[in-house]
Amino acid sequence: MAAYMITSTLRRVLLVAKHASFQSRCCVASSRVQYSTVYDSNEKTFDKILIANRGEIACRVMKTCKKMGIKTVAVHSDVDASAVHVKMADEAVCVGPAPTNKSYLNMDAIMDAIRKTGSQAVHPGYGFLSENKEFAKRLAAEDVVFIGPDTHAIHAMGDKIESKLLAKAANVNVIPGFDGVVEATRVILCSGGGGKGMRIAWNDDETREGFRLSSQEAASSFGDDRLLIEKFVDNPRHIEIQVLADKHGNALWLNERECSIQRRNQKVVEEAPSTFLDPETRRAMGEQAVQLAKAVQYSSAGTVEFLVDSNKNFYFLEMNTRLQVEHPITECITGLDLVQQMIRVAKGFPLLHKQEDIPINGWAIESRVYAEDPYKSFGLPSIGRLSQYQEPIHLPKVRVDSGIQEGSDISIYYDPMISKLVTYGATRAEALQRMEAALDNYVIRGVTHNIPLLREIITHPRFISGDITTNFLPEEYPEGFKGHQLTSEGRRELVATAAALYVSAQLRSQRFLGNLRVSTTPQEQRQWELCVELEKGSHTVAVSRSGSTFTVEVDGVTVEVSGEWNLASALLPVTINRTPRVLQCLSRDAGGDITLQYLGTQFKVRVLSQLVSTLSAHMPEKVPEDTSSILRSPMPGSVVAVSVKPGDVVAEGQEICVIEAMKMQNSLIAAKAAKVKSVHCKAGETVGEGDLLVQLE
């Protein structure tokens, strides 16, 4: 008898047994991340699936396909020819050059790849063609299964105006607003998502500016520049409900995900369940999400997003008719493999579960690790090659969904996500503790990344208490993110560790193959007087050593630092005053300059002998560049528009040019009123981070 024919009572008994052992199966620390895929060999689905995507989501889909015995086909652009998802697939087809409109959005090329490989079905992942009804129609015309909902649901939920009207008709709470298209500059976009094309306007001027930029972003990202306008809900939470429905009228809600930590309307940290919802509110949101899914005859995995105010009133925001980026945390607390469920539903099988079968087991947290500079608007894209890369999968109950490896390139053409880092625990506190350790043990070199911001978020007292809204980042960091702010104790820990590391390096340089380089060298030194410079402050420290333990006196306080001191390792596990820490030595040179990653943030430290410290005081200081007269690109990207020419007079705050990176448009303004001296860029050009754009007199 097929698995889906098991009676409801027996099914629940089996699920209880399955979920009881789930904790050891979901987020296991190993080189092969384990999911809860329970494959029934008698349940035939597809022989071959093409994944119309790239990166981590393509790899994620392939892992489940392989467990189900399904062959996989990867598509790729020419610059992705050596990407991880290409190597993981059974077959791979190049579909064009790097730009997405010529490769991953190139329907003709992807349809050719389907025919060439004989693929029976296509999993679109998220983004790209995942919510494109025309693509789904073309697949259906050639009897290829689209692993997702039908075109009616994609169209209905993809248009934000129509979806709002349908939600109203299905008795789903909606945000008050104008139920039509904004025809002129009178601001939320009608299709698309991912935070692109959204602006908040507080006055007429901001409305006009927001209309212009939102229209351009929407046209660039989704080919649809229509906009709608809704009431702005101040200080809300962003909580979404995962739904799963089949082609037989069955639909379930798989609990919620808390997604309130955002920057530029894009999620940064998610967790499941939410600390805010009580069982009654959870059930009400889940039931409304299912009502909407049934109203559009939805069949697949999907997500209904809500805004929730401080009184637990919730309002429909949108429905994503695809697999969501943050789906792993739902898998961790329910034990379900959502990719497997999507494949089963696409083949026509009914759901195996009933609503009462869906558990909340433990707590899961996801941090989106991006190649971004968190000190610039909480994260502007960074590009480069991963010169060193090491995921923290040696830690228990840590899951890393990634599509890159050491040597991979992060380019301007695609989303800068490095991975989704997920930790799981029996309680929220346990999951948070594991996330802290995972971030400290994550080695990423060659690109700027957002781990400093992620670690500050998950250790912030307000986040730990669960008192969060979508305004968390601007409220807690009104002047922008500045990295971890050292306490006096933290400062002493960092100074002591830097001093101990410096001494360890000095001692190692005196040895060769474990022996002193010169046999006549006097007895090995055991005490040192050093000067450590950190954040414009100078500390005189005394260091003594006994085996692998260093005793360091900093500002009259004794700090004991011990560890293995393997200077060739990317990680530096130490114990500081009996507290275990994991630091990373990012760089050090013969001049005593050391860059340490401590509590997630990079700190530049200089360790000198007393003599060298005295002499360095006579060295001239480098005069910093006057940035008020020049405008440099804050990120790599392409120039969309240049609003000035040489000789123009600009006012302070006036727009100079617009740079687009990863489909997000950024307006760059003048820092002062001045005359334009020279312009070094033009529309359509590609620029790098730090490139000179405009010079003022």
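These legends accompany four close-up views of a predicted model.

**View 1. A nonpolar patch on the surface, formed by Ile200, Trp202 and Phe232.** Together, these three residues offer about 340 Å² of accessible area. Take a moment with Phe232, which sits in the loop that links strand E8 (227–230) to strand E9 (237–245). Phe232 counts as partly exposed because its relative accessibility is 36%, a value between the 20% and 50% cut-offs.

**View 2. Glu372 and its contacts in strand E15.** Strand E15 covers residues 372–373, and Glu372 belongs to it. With a relative accessible area of 3%, Glu372 is buried. Leaving out residues up to four places away in sequence, Glu372 touches two arginines, Arg263 and Arg264. Its other contacts are Phe378, Gly379, Leu380, Pro381, Ser382, Pro416, Thr448, His449 and Asn450.

**View 3. Gln597 and its contacts in strand E31.** Here we look at strand E31 (residues 593–598), where Gln597 has its place. Gln597 counts as buried because its relative accessibility is 3%, which is under 20%. Beyond residues up to four places away in sequence, the side of the chain around Leu583, Gln584, Leu586 and Gln602 supplies some of the contacts of Gln597. Leu439, His449 and Ile451 are also touched by Gln597. His449 may look familiar, since Glu372 touches His449 too.

**View 4. Two cysteines, Cys94 and Cys332.** Cys94 is partly exposed, at 43% relative accessibility. Cys332, in turn, is buried, with a relative accessible area of 0%. If you are looking for disulfides to set up, a search of the whole structure finds zero.

Note on methods: Residues are numbered from 1 along each chain as its sequence is written. This is a predicted model: local features need pLDDT of at least 70, side-chain atom pairs count only at pLDDT 80 or more; totals for chains, interfaces and linings use all residues. Side-chain values use heavy atoms; hydrogens and water are left out. Patches are made of residues with over 30% relative accessible area and no salt bridge: like charges are joined within 9 Å, nonpolar side chains (Val, Leu, Ile, Met, Phe, Trp, Tyr) within 5 Å. Accessible areas come from the Shrake-Rupley method with a 1.4 Å probe; for residues, only the protein chains shown count as cover. A salt bridge is a side-chain nitrogen of Lys or Arg within 4 Å of a carboxyl oxygen of Asp or Glu. Helices (H or I, at least four residues) and strands (E, at least two) are DSSP runs, numbered from the N terminus. Buried means under 20% relative accessible area, exposed over 50%, partly exposed in between (1.4 Å probe, protein chains only). Contact means heavy atoms within 4.5 Å. A disulfide is a pair of cysteine sulfur atoms within 2.5 Å.
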